[in-house]
Amino acid sequence: MDVDKEYFSNITTRERAIFEGAISMGALFHQFVGTPINKNTKSGLETSMEESLKLQPAIEDVDVTIRFDKLEQSMTEFEYTSLTGDMLDVKIYTKVENVKATIRIEFIEELNYPLMYVEDITED
């Protein structure tokens, strides 16, 4: 079966590149927010998030940073906390044919919100 022809012929390559990154970003957010974390597990969780998303179609690369400052502010007396959206700074890089998209989530202080947005789109 030609999945592209069967299910994605109704959208442009540009839209598909954005879709693949956006659906992955939503999955990352809702899958990992709430995960127990501390300063010793931060790096391992970042790597796990990156590696799991790279398995999905059209994902070229993923950069996950859990903001240490936000993690430290949230620590409890039990020496761990739960991952929250304001701790995430993530870039997902997609490629569909000749189109590359960068989808990002970062905490925007002025909005007091972890915003997901299309950071960049290029066509070769």
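Tutor: Contact here means heavy atoms within 4.5 Å. Please note also that this is a predicted model.

Student: With that in mind, which residues does T81 touch, not counting residues up to four places away in sequence?

Tutor: T81 touches T35, P36, I37, L71, S74, M75 and M87 on that count. With S74 there is also a polar contact of 2.8 Å between the side chains.

Student: Where is T81 found, and is T81 buried or exposed?

Tutor: T81 is found in strand 3, residues 81-82. Its relative accessible area is 7%, so T81 is buried, the cut-off being under 20%.

Student: Let us turn to the sheet. What order do the strands have?

Tutor: The order is 2-4-5-6 in an open sheet of 4 strands, with antiparallel pairing. Strand 2 and strand 6 are the edge strands, each pairing on one side only. On average, neighbouring strands of this sheet are turned by 10° against each other, direction ignored.

Student: Over how many bridges do strand 2 and strand 4 pair?

Tutor: Strand 2 and strand 4 pair over 7 bridges in the antiparallel sense. D63, for instance, stands opposite K91 in strand 4.

Student: Which strands does helix 2 touch as it packs on the sheet?

Tutor: Helix 2 touches strand 2, strand 4, strand 5 and strand 6, and its direction makes about 145° with that of strand 4. Helix 3 packs on the sheet as well, touching strand 2 and strand 4, and the direction of helix 3 makes about 160° with that of strand 2.

Student: Staying with helix 2, how many residues does it have, and what does it reach from its first C-alpha to its last?

Tutor: Helix 2 covers residues 13-32, which is 20 residues, and reaches 29 Å, close to the 28 Å expected. Just after helix 2, G34 takes a positive phi of about 105°.

Student: Which residues of helix 2 are buried?

Tutor: They are R16, A17, E20, G21, S24, M25, L28, F29 and F32. In general, residues three or four places apart in an α-helix point the same way, because there are 3.6 residues a turn. Besides the sheet strands, the buried residues of helix 2 pack against helix 1 (3-7) and helix 3 (42-53).

Student: One last residue: why is I108 classed as buried?

Tutor: I108 has a relative accessible area of 17%, so it falls under the 20% cut-off. I108 is found in strand 5 and, leaving aside neighbours within four places in sequence, is in contact with Y113 and L115.

Student: And how many residues apart are I108 and E60 in sequence?

Tutor: I108 and E60 are 48 residues apart in sequence and 25 Å apart in space, C-alpha to C-alpha.

Note on methods
Residues numbered from 1 in each chain as written. Predicted model: local features only at pLDDT ≥ 70, side-chain atom pairs only at ≥ 80, totals over all residues. Heavy atoms only, no water. Helix = DSSP H or I, 4+ residues; strand = E, 2+ residues; numbered from the N terminus. Expected span 1.5 Å × (residues − 1). Buried < 20%, exposed > 50% of the residue type's maximum accessible area, 1.4 Å probe, protein only. Pairing = 2+ DSSP bridges. Axes fitted to C-alpha atoms, helices over the stretch in contact; angles between N-to-C directions. Polar contact = N/O pair within 3.5 Å; in protein donor to acceptor, adjacent residues only side chain to side chain.
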